Amino acid sequence: MLGPVILAASRSDRMRRFVSAAPGTKQVVARFIAGESVDQVVPVVQDAVAKGLEVTLDVVGEDITTREQAFAARDAYLELIEHLKVLDLGTKAEMSIKLSMFGQALEGGHELALANVRPVVEAAAAIGTTVTLDAEDHTTLDSMFAIHEELRKDFPQTGCVIQAYLYRTEADARRLAASGSRVRLVKGAYKEPADVAYQDKAETDKAYVRVLRVLMEGEGYPMIGSHDPRLISIAQELARKAGRKLDEYEFQMLYGIRSEEHLRLAAEGHRMRVYTAYGTDWYGYFMRRLAEKPANLLFFARSILTRG
């Protein structure tokens, strides 16, 4: 029951100030956020690649209010791509982008977000990598899917994310599971109303399996975003039944969560990609990580009490 409360707090400026000032926050944030700058995150990428892993990089920060902030977000990704190019990491590191960070919610936001994300996708393609458009709350999805479709005309490797807890997702998966598509499936980490999303974990898990079966039986490239051992096992079985080779799908997990499982899957020959977030505007991302798993919240509370 704590999850919805934490997700509501992720939009609260008052809670943002309280959490940011708490004495144990920095220690816990470091568990989920790989650094505050490109210079800090690059060694993390290099270490992951040396261990046989791949990464997707997310410059955190989504609640922007000005066009200037949207341009700054675009430039932050372009700076990241330049670092990946110099270090020849393009084939091992892709990028994940939230279109809200690129101005989607501002006036004329759909066109602004498309104009901002296009040069990033183009620069990524130039160094041999790509971009995946993250899913946010349900009100943004039609715009995200439209931008995704537009980008794929010139950059067909551009990926997108779908969320199992939304009622619409199975239909979205059937539309997206086409040749050349790249689709990451996650459970969903936003507070959504009961008329658009499952509220029960068991129903969300069932939906996840249904959607994953659609993706595995389709012609695209499924990306399984989950830390759940049962769902990982089901994904492997669905891939086997669909006749997929190990390089025809991949697993994705968050930086700082089940790190030993990252290495185990990679050692078995699976493509294993670590979703690695960095940057200074970490609050919204951090709160969703707390909401996803009660143990994360307990870890945070203990850190605050210990430091206090």
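Hi everyone, let's start with a pocket. The second largest pocket in this structure has 19 residues in its lining, and Val59, Val60, Met101, Thr280 and Asp281 are the ones nearest its centre. One thing to keep in mind throughout is that this is a predicted model.

So what is the volume of that second largest pocket? About 250 Å³. If you sort its lining by class, you get nine nonpolar, six polar and four charged residues. And which element gives the largest share of the lining? That is helix H5, with five residues.

Let me step back to the whole chain for a moment. The protein chain has 13 helices and eight strands. It runs to 308 residues, and 52% of them count as buried. Now take the contacts between residues at least 6 apart in sequence: 74% of these join residues at least 24 apart. As for the outside, the accessible surface is about 14,000 Å², and carbon and sulfur atoms account for 54% of that.

On to the inside. The largest nonpolar core is made of 73 residues, and Leu57, Tyr77, Met95, Phe102, Val117 and Ile162 have the most contacts within it. Helix H9, residues 201–217, supplies the largest share of this core, with seven residues.

Tyrosine 77 is a nice one to click on. Leaving aside residues up to four places away in sequence, tyrosine 77 touches Leu57, Asp58, Val59, Met95, Ser96, Ile97, Met101, Phe102 and Val120. You may recognise Val59 and Met101 from that list, as both are among the residues nearest the centre of our pocket.

Let's stay with helix H5, where we also find aspartate 75. Is aspartate 75 buried or exposed? In fact it is partly exposed, because its relative accessible area is 38%, which falls between the 20% limit for buried and the 50% limit for exposed. Its C-alpha atom is 9.6 Å from that of proline 119, a residue 44 places away along the chain.

After H5, which spans 67–86, a loop leads to strand E2 at 93–97, and aspartate 88 sits in that loop. Aspartate 88 is not a glycine, yet it has a positive phi of about 60°. With a relative accessible area of 66%, aspartate 88 is exposed.

There is another residue of this kind further along. Arginine 258, again not a glycine, has a positive phi of about 55°. You'll find arginine 258 in the loop between strand E7 (250–254) and H11, and it is partly exposed, at 31% relative accessible area.

Next comes serine 259, in helix H11, which covers residues 259–267. Serine 259 is partly exposed as well, at 41% relative accessibility. From C-alpha to C-alpha, serine 259 and valine 274 are 9.0 Å apart in space, with their positions 15 residues apart in sequence.

My last stop is glycine 220, in the loop between H9 and strand E6 (221–225). Why does glycine 220 count as buried? Because its relative accessible area is 12%, and the cut-off for buried is under 20%. Its neighbours, not counting residues up to four places away in sequence, are Ala177, Ala178, Ser179, Gly180, Ser181 and Arg244, all of which glycine 220 touches. The C-alpha atoms of glycine 220 and arginine 182 are separated by 6.0 Å, although the two residues are 38 apart along the chain.

That's my tour, and thanks for listening!

Key:
Residues numbered from 1 in each chain as written. Predicted model: local features only at pLDDT ≥ 70, side-chain atom pairs only at ≥ 80, totals over all residues. Heavy atoms only, no water. Helix = DSSP H or I, 4+ residues; strand = E, 2+ residues; numbered from the N terminus. Buried < 20%, exposed > 50% of the residue type's maximum accessible area, 1.4 Å probe, protein only. Contact = heavy atoms within 4.5 Å. Areas by Shrake-Rupley, 256 points an atom, 1.4 Å probe, with all protein chains shown as cover. 1 Å grid on protein atoms, 1.4 Å probe; cavity = no way out; pocket = protein on both sides within 12 Å on 5 of 7 lines; lining within 4 Å. Points joined across faces, edges and corners; volume = space filled by probe spheres on them. Nonpolar A, V, L, I, M, F, W, Y, C, P; charged D, E, K, R; others polar. Core = buried A, V, L, I, M, F, W, Y, C linked by side-chain atoms within 4.5 Å.
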